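I opened a fresh page for this model and meant to write down what I looked up, in the order in which I looked.

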Amino acid sequence: MPIFRKRKITTGVATVCKNKKKDSWTMNGDINRFYESKQLVNSIFKEKDLFSKEKVNNIMFLGPGKGEDLHNWKKTFKNNKYKTSFDVLGLENTITESVKKDIVNRDFSIGRPVEHIDPTRDSRDKRLFDHLNNKYSLVVSQFGVSYHTKHPSYNLFASSLLLKKEGVLYSSINSSYIHLKAGIIKYNRVNSKIHSKELDKLEKHFHKFVEIYNKQKKTNLKFEFDIRDIDNLFYVRIKRIN
Ligand SMILES: C[S@@+](CC[C@H](N)C(=O)[O-])C[C@H]1O[C@@H](n2cnc3c(N)ncnc32)[C@H](O)[C@@H]1O
């Protein structure tokens, strides 16, 4: 089974890609996003041995929007005496000039969603993939690649490949996944069957992707997977343990 193939995307993501229009989301990486994410930041800083004081810590933000909140992320790392290098990848190049100039090392956005990046068929995608693979101590995606998607488990898997060993990813998922599972809300047109199927199988599908990838690439990647409720927002936390 080919692991990388063109998957269906949401109408919102398709509109952004088709019109090449600048991302215009409600939550768009404004400066205040950082203050709304305080609990997430606390959880990340509690991760034992995740960051090094000696080396540069590579950090990737998937779906940064304007990325203005990254000013504060950088400040927090600096206050904790960590050296950092921030990269971003979203649909379009949407970070503001000051974020580009002062914070971000590279913006890897190529105008296409994660679901369409295929290193087995496209040489540019392969270069991108080889460059990002196995590189980051921390990957964060807030209302990004595993939120605006019909394939959260695949996008979580693809995002996890960016982690180096012992690296950790926090990626927000639509709370309807959790609420459907708990029976708090019922299926409707928005939370279509494809979503409910994905919800039940989120972790199982994630590990299946890893298993197939390991077989095809002759690797032995291993990940811990859990879902965390952080300040009423749901994040999948994935740690690469091998
Ligand atoms: C709603 S904005 C969130 C911005 C910021 N992280 C925040 O929380 O305010 C969504 C971001 O995710 C990116 N994005 C959404 N779906 C994506 C996908 N399937 N593949 C790649 N990027 C995606 C968009 O380009 C945009 O940067």
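I took two residues to be in contact if their C-beta atoms, placed from the backbone, lie within 7 Å. With that rule, among contacts in the protein chain between residues at least 6 apart in sequence, 68% join residues at least 24 apart. I noted that this is a predicted model, in which local features need pLDDT of at least 70 and side-chain atom pairs count only at pLDDT 80 or more, while totals for chains, interfaces and linings use all residues. Residues are numbered from 1 along each chain as its sequence is written.

**Elements and burial.** I listed nine helices and seven strands in the protein chain, taking helices (H or I, at least four residues) and strands (E, at least two) as DSSP runs numbered from the N terminus. I called a residue buried if 20 or more other C-beta atoms lie within 10 Å of its own, exposed if 12 or fewer, and partly exposed in between, with C-beta atoms placed from the backbone. Buried residues make up 34% of the 242 residues in the protein chain.

**Two helices.** I checked helix α7 (residues 152-160) and found nine of its nine residues buried, so this helix is largely enclosed by the rest of the structure. Helix α6 (residues 123-132), by contrast, is hardly covered, with one buried residue among its 10; after α6 comes N134, whose phi is positive, near 65 degrees.

**Core.** I then looked up the largest nonpolar core, meaning a set of buried Ala, Val, Leu, Ile, Met, Phe, Trp, Tyr and Cys residues joined through C-beta atoms within 7 Å. This core has 40 residues, of which M60, F61, Y136, L138, V139 and L162 touch the most other members. Among the elements that give two or more residues to this core are β1 (56-62), β4 (136-141) and α7. Leaving out residues up to four places away in sequence, I found M60 touching D87, L89, Y136, V139 and L162.

**Strand β3.** I followed β2 to strand β3 (residues 104-107) and noted that the two run parallel, joined by three bridges; strands pair if DSSP finds at least two bridges between them. V88 stands opposite D107 in β3. V104 lies in strand β3 and counts as partly exposed because it has 19 C-beta neighbours inside 10 Å. The C-alpha atoms of V104 and G67, 37 residues apart along the chain, are separated by 9.0 Å, and G67 is one of the residues that V104 touches.
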